[in-house]
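Hi everyone, thanks for making time for this. I'd like to walk you through one structure, so let's put it up on the screen.

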Amino acid sequence: ITNEITKQTEVEIDGNKFHRPVLIFFESIAELNNYYNSPSAQKNKNRTKILTEREPDTSKTNLIRHATNANTITLLTREFGRGIDFIVYDDKVRRAGGPHVIQTFFS
């Protein structure tokens with residue numbers, strides 16, 4: 001799955017002139033950390049944010065707001081896959097179809 005995430009991320013961030021944001025949902029914090037610490041994730045670490053249920057509420061709000069910015073990769077746990085409105089503020093991202101979403105588990 002790590003290779004597929006890397007492939008999709010490269011297409012959206014590097015291979016797309018709109019540089020769509022990528023939201024990647026993991027089933028657990030452990031799986032999220034495994035990916036984040038993998039060699040595949042190293043290339044984009046500078047533009048990667050992490051959002052888990054352990055974050056303080058003020059950080060959660062800020063991370064959710066910025067998750068839809070162009071050139072951003074956000075790694076999230078499954079708790080954020082439902083009931084959260086990810087609003088796109090950037091017209092370029094909106095015209096490109098919005099964020100690219102990857103879910104790494106069956107629900």
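**A walk around the model**

Let's start on the outside: D85 counts as exposed, because its relative accessibility is 62% and the cut-off for exposed is over 50%. Before we go on, please keep in mind that what you see is a predicted model. You'll find D85 in the loop between strand 3 and helix 4, which covers 91-95. Its partner for today is R65: the two are 20 residues apart in sequence, and their C-alpha atoms sit 9.1 Å apart in space.

Okay, another loop. Between helix 3 and strand 3 you'll come across N71. What is phi doing at N71? Phi there is near 65°, a positive value, and the residue isn't a glycine. As for how open N71 is to the outside, it comes out as partly exposed, with a relative accessible area of 32%.

Now let's move to helix 3 itself, residues 57-66. Which residues of helix 3 are buried? They are K60, L63 and I64. Looking down the axis of helix 3, those buried residues fall within an arc of 100°, so they line one face of the helix. Here's the general idea behind that: an α-helix has 3.6 residues a turn, so residues three or four places apart point the same way. Turn to the face pointing away from the buried side, and you get the exposed residues T58 and T61. And what covers the buried residues of helix 3? Part of the cover is strand 2, residues 48-51.

Next stop, strand 4, where we find H100. Is H100 buried or exposed? H100 is buried, because its relative accessible area is 16% and buried means under 20%. Leaving aside residues up to four places away in sequence, H100 touches Q8, E12, R20, P21, V22 and L23.

Go past the end of strand 4, which runs 100-103, and the segment after it holds T104. T104 counts as buried too, at 16% relative accessibility. Its side chain reaches the backbone oxygen of F25 at 2.8 Å. F25 also turns up among the contacts of T104, along with I1, I5, I24, F26 and E27, again not counting residues up to four places away in sequence.

Last topic: the empty spaces. The structure holds one cavity of 30 Å³ or more, and the space in that largest cavity is about 60 Å³. Who lines it? The lining is made by T6, T9, Y35, S40, A41, N44, T48, I73 and L75. Helix 1, residues 2-13, supplies at least two of the lining residues, and so does strand 3, residues 73-77. By class, that's four nonpolar residues, five polar and no charged ones.

Then there's the largest pocket, with about 190 Å³ of space. Our friend F25 is back here: it lines the pocket together with R78, F80, G81, R82, F86, Q103, F105 and S107. How many charged residues does the lining of the largest pocket have? There are two, next to four nonpolar and three polar residues.

So, if you take one residue home, try F25: T104's side chain reaches its backbone oxygen, and F25 is part of the pocket lining as well. That's it from me, thanks for listening!

Methods. Residues numbered from 1 in each chain as written. Predicted model: local features only at pLDDT ≥ 70, side-chain atom pairs only at ≥ 80, totals over all residues. Heavy atoms only, no water. 1 Å grid on protein atoms, 1.4 Å probe; cavity = no way out; pocket = protein on both sides within 12 Å on 5 of 7 lines; lining within 4 Å. Points joined across faces, edges and corners; volume = space filled by probe spheres on them. Helix = DSSP H or I, 4+ residues; strand = E, 2+ residues; numbered from the N terminus. Nonpolar A, V, L, I, M, F, W, Y, C, P; charged D, E, K, R; others polar. Buried < 20%, exposed > 50% of the residue type's maximum accessible area, 1.4 Å probe, protein only. Polar contact = N/O pair within 3.5 Å; in protein donor to acceptor, adjacent residues only side chain to side chain. Contact = heavy atoms within 4.5 Å. Arc of directions from axis to C-beta.
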